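Me: I'd like a close look at one helix in this model and how it sits against its surroundings. Could you walk me through it?

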Amino acid sequence: DDYMQRCVDWYNEYMNGGYTPEWSDSEDDQMVLKYLKAYKPGQNKKRNGGAEDGRDLHEEERQGFIDERVSERDIEKLLDAAMSAPSARNQQAWEFVVVDDPEVIGTLSEASPYAKPVGRAPLCIVPLGVSEDMTVPQMWQQDMGAATENILLMAASLGLGTCWIGIALIEERMDAVRMAVDCPQDRLPFCLIAVGHPKQPLEERPGRMMPDRVHRNRYRRRSR
């Protein structure tokens, strides 16, 4: 809904170092603001310009990629991981566009206000939902999310940096991606995944385990 999309946009503004959005005094807005402030990238960055204390799978968004192509062998591993993901009724209603043409990458980087990391990457993978293959169409986003996460995890295991840029279900962004990669209207662009060799090696980051977010057997309300 509109509120959830606002939350996504606010989060992306923080991830991309953008301006601080306007906030209302509503309880929902204040909770989102508290979350974003807690996880704003760069908050642990050393003042002398050194590396951050911890890095995640999206390190390249802050550090950039080196000028080195991703090998075909690594690309095949990323795609194999994607297509090994679970899907509803095993529908596997997906296709993947592998983009390494600088011109197309440049166009994709304009598909969303938050897609600038794509323009700095040597490779972009575009997961597409395939409508005609969907036996459980209401679950396609869950399927694509699992496939996308598998790509990110495999990339991290290969020492590659990644950045997941959301596209679905914003029609104008989906249409921009369709136009960039010349795919038909019945293909559903889910996201953009920028992939490359990060300038700084990925390091294990501190865990984000928060015991108060875990509930056993029954939900218990958190104190605020």
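What follows is a look at helix H4 and the parts around it.

Me: Which residues of H4 are buried, which exposed residues sit on the face turned away from them, and what do the buried ones pack against?

Reply: Bear in mind that this is a predicted model. H4 covers residues 72-82, and its buried residues are Asp74, Ile75, Leu78, Leu79, Ala81 and Ala82. Looking down the helix axis, you'd find them within an arc of 160 degrees, so they line one face of H4. Turn to the face pointing away from that buried side and you meet the exposed residues Glu72, Arg73, Glu76 and Asp80.

Now for the partners. The buried residues of H4 pack against strands S1, S2 and S5 and against helix H7. Take H7 to start with: the two helix axes come within 7 Å and cross at roughly 140 degrees, and H4 passes H7 in a right-handed crossing. On the H4 side, the residues at this contact are Lys77, Leu78, Ala81 and Ala82, and they meet Ala147, Asn150, Ile151, Met154 and Ala155 of H7. Sorted by class, that makes 7 nonpolar, 1 polar and 1 charged residues.

On the strand side, isoleucine 125 is a handy residue to click on. S2 runs over 123-130, and isoleucine 125, leaving aside neighbours within four places in sequence, touches Leu78 and Leu79, both of them buried residues of H4. Its other contacts are Phe96, Val97, Ile151, Cys191, Leu192, Ile193 and Val195. Ile151 turns up again here, having already appeared among the H7 residues that meet H4.

All this ties in with the largest nonpolar core, which has 45 residues. Those with the most contacts inside this core are Phe96, Leu108, Val118, Ile125, Val126, Leu192 and Val195. H4 is among the elements that give two or more residues to the core, along with S1, H5, S2, H7, S3, H8 and S5. The biggest giver is H7, with 6 residues. As a general point, nonpolar side chains tend to be buried together in soluble globular proteins.

If you want another helix to hold up beside H4, try H8 (171-181). Its buried residues are Arg173, Met174, Val177, Arg178, Ala180 and Val181. They span an arc of only 165 degrees around the axis, which puts them on the same side of H8. The face turned away carries the exposed residues Glu172 and Met179. Just past the end of H8, aspartate 182 takes a positive phi of about 60 degrees.

Key. Residues numbered from 1 in each chain as written. Predicted model: local features only at pLDDT ≥ 70, side-chain atom pairs only at ≥ 80, totals over all residues. Heavy atoms only, no water. Core = buried A, V, L, I, M, F, W, Y, C linked by side-chain atoms within 4.5 Å. Buried < 20%, exposed > 50% of the residue type's maximum accessible area, 1.4 Å probe, protein only. Helix = DSSP H or I, 4+ residues; strand = E, 2+ residues; numbered from the N terminus. Contact = heavy atoms within 4.5 Å. Axes fitted to C-alpha atoms, helices over the stretch in contact; angles between N-to-C directions. Left-handed = near helix turned anticlockwise from the far one by under 90°. Nonpolar A, V, L, I, M, F, W, Y, C, P; charged D, E, K, R; others polar. Arc of directions from axis to C-beta.
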